[in-house]
Every structure is written in C-alpha cells, then in structure tokens.
Amino acid sequence: MTELSQLTLVEAAAALRTGECTSVALTESVLDRASLTEASVHAYLTIDRQGAMAAAEASDRRIAAEKPIGPLDGLPIALKDNMMTKGIETTASSKILSGYIPPYDGTVVKLLREAGAVFVGKTNLDEFAMGSSTENSAYGPTRNPWNLDTVPGGSSGGSAAAVAAGSALAGLGSDTGGSIRQPAALCGLVGMKPTYGLVSRYGLIAFASSLDQIGPLTRSVQDAAILYEAIAGHDPHDATSFPGPAPSGTERLGAGVEGLRVGVVNELSGEGIDDEVLVAFRTTIDRLANAGAEVVDLSLPSTATALSAYYLIAPAECSANLARFDGVRYGLRVDGSTVDEMMSLTRAEGFGSEVIRRILLGTYALSAGYYDAFYGQAQRVRTLIIQEFATAYEQVDVLVSPTAPAPAFELGAKTQDPLSMYMQDICTIPSNLSGHPAMSVPVGLSASGLPIGFQVMAPALGETVMFQVAAAIEALSDDIGRPVLEVVAS
Amino acid sequence: MPIDIDIAHVAKLARIELSEQDMASYRAQLGVILDHAAKVQALPTEGVQPTSHPLDMVNAFRDDVVTPSLDRDEVLSQAPDATDGFFRVPPSLDNE
C-alpha cells in the first residue's frame, strides 16, 4: 500500500472502511511527514497534534462501533489560518493577530468538524490573504515542495504546500483573486473556487467581502468535489449566502466530455502567458477535442480590464474590512496618549507592507471625490464582465484558460515589484469579479519539473458540469505524481 | 504619468502612522498601481449598473430569533485591555 500520507481522500476513506488502516494511523502518518518536511517547507503556522490525535481516536471509535460515517470522517485536513478555529490560534499570518484565540468556529470549520474531519493545523498564507506567493507572511515564507527555491503560490500557499508535501491529505483555502487556483497550479493540485455565495464566509477573516470564497485544495478532482459538497450550503450567519441548494460536485464525474462545448478565452490564453504553459494548455485542448468536446475560440474583451477593476475593488473592500484591527478588541496594541494615536501606531506596527499598500490604495479609491471615478467605475466594469460571460455561456458549457501565467517562480523574484506579482492573477480574477465557479487541474510538468495548471470556468451554479470537465481532463492527462522532496529529520 | 496622491492625508484617513521615508515609497508605488487601475475609466459604462453581489439576489436575512451570543468573558479575554466587562482605550480627546 502507498504511504498513508500520500493517499487521496477517497483512497483513505476506503482504507478506513475496510479496516486496512485507522484514522490514528493516517493522522500519525501526516504528522510524521510534517515533522520531516516542515523545517524546509513551512506550510504550517500551528500544528495541533493533540487535537488531531483526539479527533482521530474519536473517529476510530465511531468506525469500531459501526456508526454511519461520512466521506470525510477520520481524514486529516489542513485549514488556512484565516479561518476561525475555536481555541486554536488564528493569525491570518499577521503580526496584528499574533496570539489571537477565536471564541468560535467558522461555519466551514464547524461543518468539517461535524463531518468527523481531523484538523492537522493552521496553514501559512500571505498576510490577510493578500499576495500570490505566501512570501507576505509575518511568520516567514512557505516553499514549494516541487522545488524549495520556488514559491508555492498564494495566498493559500501553506495549504497547497501541505497537501503537496504530504502533511495533510487535503486542505481548505480561500480565493479572492485566484488564491486557491494559482497555488493549486503551482503545487500540482486540484484547487476549486465555488460560485460566490455557495460556501459561507462566516468565520473567514474578511479581505474583500464581495469576492472572497472558501474552497478545496486536493490531490484529485473527486476529492475536490467531495470536500466542496461538505462545505457548501446556505448559512443564516452569512447574509450573502445563496438560499437555494448547492449544485452537486460528484454527480457527473466520469461522464466524459462528449458533446460538451468548451470555449477558449482568447484574452486569457495568449499574451503574457509562458510558452511551456501554452503548450500544455493547447495539448489539453486537443485531448478534449479528441475525446468528443466541441472546442470554440471566444473573445471576452472586458476580461483584459479585470485586473485593473480588481485592484480598485479588492483594496477598497479590504480598507473597510481591516478597519476592525485597531487595537481595541483583540490582537496587538501599541500604547498611545489618545485613542487615535494608539490606533495609528498599532496599525503601523501590526500590518505588513503589502497590507498597508492595499489599505492606502483602497482608502484613496473610496475617499471623497474619487469614489465614483474609481470604485464606482470598477463595479460597473464588473457588470460588463458578467454580461460578457453570460453571452459566452449561451454558446458554450464551460470556458477554459491557463490558471497561472507561468510555473512557480523563485522566492524574491517579484517582491520588489507589486504590479508584476499582481499579474499572477490575470487568468483567475475574472471569475472572482463575476462570482462564477472556477477550478485548476494539473495537466503536466515544465521542463524543469514544475507543475502546470489548466483552468475550467463555469456559469453561476455550474459546479456540476465544471467538475465533469475537470474530471475528464484529469483522466486525459498524464499523472504528474508527487513531488520528490529531500527531507532531513529535525 | 503616474497619478499623484496626497499620501499623508490618505494615511491619516486609514489611521496608519507612517515615516516620511515610507510615505515617499508608498506614494510612488500607489501611483504606478493606480495608473494601471485607471484603465477601467477608458471603458464606456454609461447606463451600466454597478455590481455588488455577483448573483441576482439581495441580502439573505435570517429569522429574527434570539440565540445565545458569544461568552462575554471569553471575548474580553482576547482584548489588549479590558475591565469590568468593557474594552478599555486611551482618552479620545487630548486633555492638554
């Protein structure tokens, strides 16, 4: 049998049911793996060994008592550290929340806990999820298990690196402009952002409320579908939560792509995209066509403006959301003689430079005299993008593009030039602005052995067909395997 | 030409104390980013409604039922300074 820490969720769940292994053994396996890999990868900010082992023992007791168990019972999962976990430190990788212990579980955490999942720990991210490399963490960067000189992507780079390295079987991330899909692409995983409103944001530390969405990072499309189904659904605690039923993720897995119409978005599949990524993309398109899909080229001109609109909308919303970190109710406080001075000193000390940059940008874009020219106009551009997508989906079932413009880059390569870092998200941002679901599937390795991702986008509530196409791509692609990581016992 | 912003004013609005050196660096970086972001202004959007929620829905309010709230002491235990069930902060006004 394969090393337990390398199993998919589906394989591990089957092994638990047949008695081939226990949840305790699975959990020990990922914890042992973490003790080997963490010194070099640094995927986690907090590992909750005690809590994980207790949850695993409880799961094994349920199995021994032959109680009905769900598909995630007993499986070790990593949580991005911007999700509230009762009693476990939650920092969003910011110094301003150092030592913060939440008094409640976020809704996704509660749902997974009830499903019997085992939480290995809290993973590293770009501070408050702002970044594309996980280098903007106040607690040091995470490295890509495929090549330790490169970044894992971001902002959910910790969860992605944990799953790739074997220190969790699956992870949760959050995606505001590509923060699940881009690290999935760079770490050779499946990463999925659901339709906005399908997964509750209650207990997710807010970055840009109209864009943020939680989703899975996994080793297979089926795993992603299962984890998505476990966290989706209406939540009375989130006023933006979709009140209807969530579409199935698993229903049409294995149904193939015969007769489906696949649209290639021209604006996202040429200029600015690395040659190797384009070759892998085109190869996959050919495979889809050979498997019976009808491939059409489409133009969505507004998507070319998506990055610009995003860098007004996201900072504007972040500047409002992060106003709550003021040294009054939780986290860091730097003393001052007045409350104003205390707040200004606390925020200067507690926030990192990328967060300050975006707060300033957003404050400016929302300030008197500029609101309509910047934020208002960006929200109208968003409407244009949605209308273009709607027209496109009259002709096709799904849209496709590369996920990230290039494979993983070296640490430090883009930290001095914010705009070049922002360009990482050119292909992923349109789906956040439109609120549509999108996911990344690994389709190959570059010449230097780094993973390349392929993005599938679908209309609102189109998860079922999106997973169907993603599963077909997975079946048609060569298995990239797992990273070979040189580790030393610490 | 990059957009020139009054960075000291913006930093004050955002309640972030910045050194002169930091202000100069943020002013330059924000100018470049805003220059790129200002491309949205080139698109014709007359008569286009702004989008706030991407799905065609309004707030999903929950039923107005009283439920237990978070434990006060547990919440206050995370505050930098709390006393007698309140958050404690420095004075709002500078009293000479």
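A short chat about A:Phe207 and the interface of chain B and chain A follows.

Trainee: What are the ground rules?
Mentor: This is a predicted model: local features need pLDDT of at least 70, side-chain atom pairs need 80 or more, and totals for chains, interfaces and linings use all residues. Residues are numbered from 1 along each chain as its sequence is written, chains are lettered from A and ligands numbered from 1 in the order written, and side-chain values use heavy atoms, without hydrogens and water.

Trainee: Where is A:Phe207?
Mentor: In the loop between strand 5 (190–193) and strand 6 (213–218) of chain A. Strands are DSSP runs of E, at least two residues, and helices are runs of H or I, at least four, both numbered from the N terminus.

Trainee: Is A:Phe207 buried or exposed?
Mentor: A:Phe207 counts as buried because its relative accessibility is 2%. Buried is under 20%, exposed over 50%, partly exposed in between (1.4 Å probe, protein chains only).

Trainee: What does A:Phe207 touch?
Mentor: Leaving out residues up to four places away in sequence, its contacts include A:Phe128, A:Met130, A:Tyr310 and A:Arg358. Contact means heavy atoms within 4.5 Å.

Trainee: New topic. How many residues of chain B are in contact with chain A?
Mentor: 54 residues of chain B, against 69 residues of chain A.

Trainee: How many salt bridges between them?
Mentor: The count is 2. A salt bridge puts a side-chain nitrogen of Lys or Arg within 4 Å of a carboxyl oxygen of Asp or Glu. One pairs A:Asp340 with B:Arg15, at 2.9 Å, N to O.

Trainee: Which element gives the largest share of chain B's side?
Mentor: Helix 2 of chain B, with 8 residues.
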